[in-house]
Amino acid sequence: MKARNVCFTIIVLAVLFCAIGYKVADRANVLPASLDNGRQSSIEGKSLQTVPEVSLDSILQGTFQDEAEDYLSGCFPNRDGALLANASLQRDVIQVANTTFGYQAVPTFYGSAYSYDASAGTVMRTPYAFTSLEPSLDKSITLMSKIAENNPDTRFMCYMVDNATCSEANPAMSLMSDPFRASDVEDMFEAHSTSNLDWYVEQHDDLDDYLRMYFATDHHWKISGAYAAYSVIAEDLGMNQVSVLGTSEYSDYPFYGASSRAGLCLVPGDYIQDMDFDLPDYRVLCGGKEKERGGKQAYKDGTISKKQSGLNGYAAYYGSDYSRVVYTTEANEGNGHGNLLIVGDSYTNCMEQLFTSTYAQVHVLDLRTYDEGSISQYIASNNIDDVLFIQCQQSLWGQNVVAGLAKG
């Protein structure tokens, strides 16, 4: 027993001294680039834990222990590389075991919420169980319908994205006994429909068809998928569809999608493709400040860095998420269409500007972070004529979104 305690103490001290030595070398800037973790994990997209604060409260509440563990993990040389290597080793073992069962997709590592389809080169979020999503989603759709009922003079439409978590095209559907499906969302809308709320649930059954619309390693639309969704919305709201003038692609800037990074399975192949649209001049306020929405110009000029574009190409090109974005098109004032409110999430980033071809103002709210009042209040104070919900199931069941809809 004594010998075991001594060995354990030596191991703990060795880990601590290695961590201290690593940090000293890091501060002195003598670490080679391959071992330097920097201040942020490029794979996980989060800042590394700083030195945890020691206090009686933090120890009693257990936060110090958790932060200390995170801090020590950040002191491991080439941390991201080690995480990827470990996940790759586990994935190899899983794929060998899968030869007996023949599933199309397998978990990216043991306990992973993401699955990898080697034949298609996709990394997707594994579907959720029906029972885990149904209560929150049903509540959100009910609240959405009530907002429409309380604003009878306003047109409402909800476009539900075929997010991989509930898409029939997801190869991991076969891994779940009772997955939540896009058709379940359809049933909820049918149960809670109102006269001034139209809805459309996007659905894909075939993986090849899905991949024409969505990235292989990221949950977002390609521009082709976004334009297809816009076309459905334009027809429903009676808009003249904006013309496509040409296309562009940036294959020199490949990126690893959010699913690929979260699943620790870096599959190459995704890159930005865009369409050039015949749009009028407009101004855009992002978070109250006038600025370019995204980094399109940097891509065109070739000034975007490979590091920035490679880790989150969708956000680097189309822009980060803001709680509120407002587009103003003076040429459309008085044309009879008025103002549009989009209640969305990151899926709208690539398509918001398309509505500037019709509306004098396009307001975009992200309920995941917007907390300045209710949707009904926003409609009244900004003379909103049409309201468009563009949501994926994964956002719509989120706590902040449900709370935002509950305000009315």
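Which residues of α5 are buried? This is a predicted model, and helix α5 covers residues 130-150 in it. The buried residues are L133, L137, S140, I141, L143, M144, S145, I147 and A148. Helix α5 has 21 residues, and the distance from its first C-alpha to its last is 30 Å. That is close to the 30 Å expected at 1.5 Å a residue.

Before this helix in the numbering comes an open sheet. Its 3 strands follow the order β3-β4-β5, and their pairing is antiparallel. Strands β3 (106-107) and β5 (122-125) are at the edges with a single partner strand each, so one side of each has no neighbour in the sheet. Strand β4, residues 114-117, is joined to β5 by 4 bridges, and the two run antiparallel. Within that pairing, S115 has M124 in β5 as its bridge partner.

Further along the chain is strand β10, made of residues 283-286. In a regular strand the side chains alternate between the two faces of the sheet. In β10, V284 and C286 lie on a covered face, whereas R283 and L285 lie on an uncovered one.

Strand β10 pairs with β12 and with β11. With β12 (residues 324-328) the strand runs antiparallel, joined by 4 bridges, and V284 stands opposite Y327. With β11 (residues 289-290) the pairing is also in the antiparallel sense, over 2 bridges. Here L285 has E290 as its bridge partner. Strands β10 and β11 form a hairpin with 2 residues between them. In the turn, G287 has a positive phi of about 60°.

Terms used
Residues numbered from 1 in each chain as written. Predicted model: local features only at pLDDT ≥ 70, side-chain atom pairs only at ≥ 80, totals over all residues. Heavy atoms only, no water. Buried < 20%, exposed > 50% of the residue type's maximum accessible area, 1.4 Å probe, protein only. Pairing = 2+ DSSP bridges. Expected span 1.5 Å × (residues − 1).
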